[in-house]
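Visitor: Hi, I've got this one open on my screen. Could you walk me through it?
Guide: Sure, let's have a look together.

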Amino acid sequence: MIFYNHDREVMSEFVRYKPRTCFIMTQLGGELSDEVKLIRSSLSTILNKHEVKSIDANSYVTGKDFLSKIWKMIHAVPFGIAIVSEDMKLTTVSNIFYEIGVMNALGKETIVVKTPGFKIPSDFVRTEYVEFNGDFEKRIDNFINTTLDLVNHYDDMADLLEENPNLSIDYWRRAFMICGDPKFIRKAEGIYDENKFDTQSRLFCKSLFKNKGEAIQRIPELTEREQEIVDLISDGLSASEIAEMKYISIRTVENHRHNIHKKLKAKNSIDLINKLNKHKVMAYYRVNKNKQANGDNEVHKRGCTYYDGLTNYEALGDHDTCSSAVNDAKNRGYQADGCAICIPSCHTS
C-alpha cells in the first residue's frame, strides 16, 4: 500500500480515483496519421459501449511537473491502452513506453494497440499487443470484459485475506476503481476500524475513504446531472475538482451550482451544505468504549472532531440516522448517547 512517484518519493498526496476510466497513451500533438486517428475513433466507440470513460495526458492542465501529473493520472485509473504506429517519432514512442512502464509499476491492466508495420522494442516483447486488423474490436472487447470481471475476483481475494488487512483493503480499492461501487470502500472502512496500521498505511486509507463520500437521497427538484453535482459538493469537492472528475468545465460546474442554489433556495454555500446534510443516506459511526463522567459511551460520526482521536472504540458501521447508530450501540451493551458536537439531535444527556 506504499506507492512511489518518479522522484522515488512516497506518494502521500490525496488521489481522486477515476473508476471505470481508461488512460490512453499515444501521440497527442503534431500531425496524426489517418490510421492512428481511426484507431482512436474505434477505441472511443468500444469504450463508450462498455460505459468506460477515457482520458489522456492532455485531459487536464495542472501547472505542475508533467511527470508528476502523469503518475497521478495513471494512479487514479484502473487500466490503460497504448497506441503505437511506425509513423510516430522515436521520442513519441519513448514517451508512450515510459507511460506503459508506469502503468505496469503501479499494477494497472495494460494492453498495446499497434499498426501492422510497427516493430516491437526488444525490451517489451512480453507485453500483450493487439494489432489493428479484423480481430481488433473483438480482442479489445475481451480485454475490457476481462478487466471488468476482475471485480468479483478482487472482492473474493479481499475476503480470503482478512488476516492481512493491508492486502484486503488494497484488493477492495482495485475493485472500486474498476466499477466505482462505494460498497467496496465501506468494506475497507470496516476492516480499517478493526485493525491498527502504520502511519503510511493510515494516510493511504484516509485518501481512499475520501473517494466514497456519503450518498445523497434523490432530490426531486434536481435534474440527474445536478444530483451528481450535489453528491460531489456534499463530499467536499471544489468546483475545479468536480470539473476534473466529471470531464466538464469549471464554468459548467458553477452554472449547475447556481441552479442548485436557486432550486433549493440556498442563501449561500454554507446554507446549501446544511440543506444537503438533511438528505444524507449513510454515515459511518463509532462508539467510545471509554465512559464519560456521567457513565455514557458517546457515539461519534465520521468527520467529527473526536472521531479519529478515539483509541478505544467499537466500529458501528454505516447507519442512515444517528438514532439507528445509538440504538445499535445500546444493543451491543453500551450506555450509549450521541455526541453533542457531531450528532446533537441524538444527544440527550
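Visitor: How much surface does the protein expose, and what share of it do carbon and sulfur atoms supply?
Guide: About 18,100 Å² is exposed, with carbon and sulfur atoms supplying 48% of it. Those areas come from the Shrake-Rupley method with a 1.4 Å probe, and for residues only the protein chains shown count as cover.

Visitor: Anything I should know about the model itself?
Guide: It's a predicted model, where local features need pLDDT of at least 70, side-chain atom pairs count only at pLDDT 80 or more, and totals for chains, interfaces and linings use all residues. Residues are numbered from 1 along each chain as its sequence is written, and side-chain values use heavy atoms, leaving out hydrogens and water.

Visitor: OK. How many helices and strands are there in the protein?
Guide: There are 13 helices and nine strands. Both are DSSP runs numbered from the N terminus: helices are H or I with at least four residues, strands are E with at least two.

Visitor: What percentage of the residues count as buried?
Guide: 47% of the 349 residues. Buried means under 20% relative accessible area, exposed over 50%, and partly exposed in between (1.4 Å probe, protein chains only).

Visitor: Which residues touch the most other members of the largest nonpolar core?
Guide: Phe 23, Leu 43, Ile 81, Phe 136, Ile 140, Ile 144 and Ile 169, out of 66 residues in that core. A nonpolar core here is a set of buried Ala, Val, Leu, Ile, Met, Phe, Trp, Tyr and Cys residues joined through side-chain atoms within 4.5 Å. Helix α6 (residues 165-179) gives the largest share of this core, seven residues. There's also a second, separate core of 19 residues, with Ala 283, Val 287, Ala 329 and Cys 342 among them.

Visitor: Back to α6, then. Why is α6 described as largely enclosed?
Guide: Because eleven of its 15 residues are buried. Among them are Ile 169, Tyr 171, Trp 172 and Phe 176, but also Asp 170 and Arg 173. Gly 180 follows α6 and has a positive phi, near 80°.

Visitor: And α3, what covers its buried residues?
Guide: The cover includes β1 (21-25), α2 (66-76), β3 (79-84), β4 (109-114) and β5 (129-131). Val 93, Ile 96, Phe 97 and Glu 99 are among the buried residues of α3. After α3 comes Gly 107, with a positive phi near 75°.

Visitor: Switching to sheets: what's the strand order in the open one with four strands?
Guide: β8-β6-β7-β9, with mixed pairing. Two strands pair if DSSP finds at least two bridges between them. The edge strands, β8 (313-319) and β9 (336-338), each pair on one side only.

Visitor: How do β7 and β9 run, parallel or antiparallel?
Guide: They run parallel, joined by three bridges. In one of these strands, β9, Asp 337 is the bridge partner of Glu 298.

Visitor: Which strands does helix α13 touch?
Guide: Helix α13 (residues 322-331) packs on the sheet and touches β6, β7, β8 and β9. Contact means heavy atoms within 4.5 Å.

Visitor: Last one: where is Glu 51 found?
Guide: In the loop between α1 (34-49) and β2 (53-55). Its phi is near 60°, a positive value in a residue other than glycine. Glu 51 is exposed, at 63% relative accessible area. Lys 265 also has a positive phi, near 55°, and sits in the loop between α11 (250-264) and α12 (269-277).

Conventions
Axes are lines fitted to C-alpha atoms, for helices over the stretch in contact, and angles run from 0 to 180 degrees between N-to-C directions.
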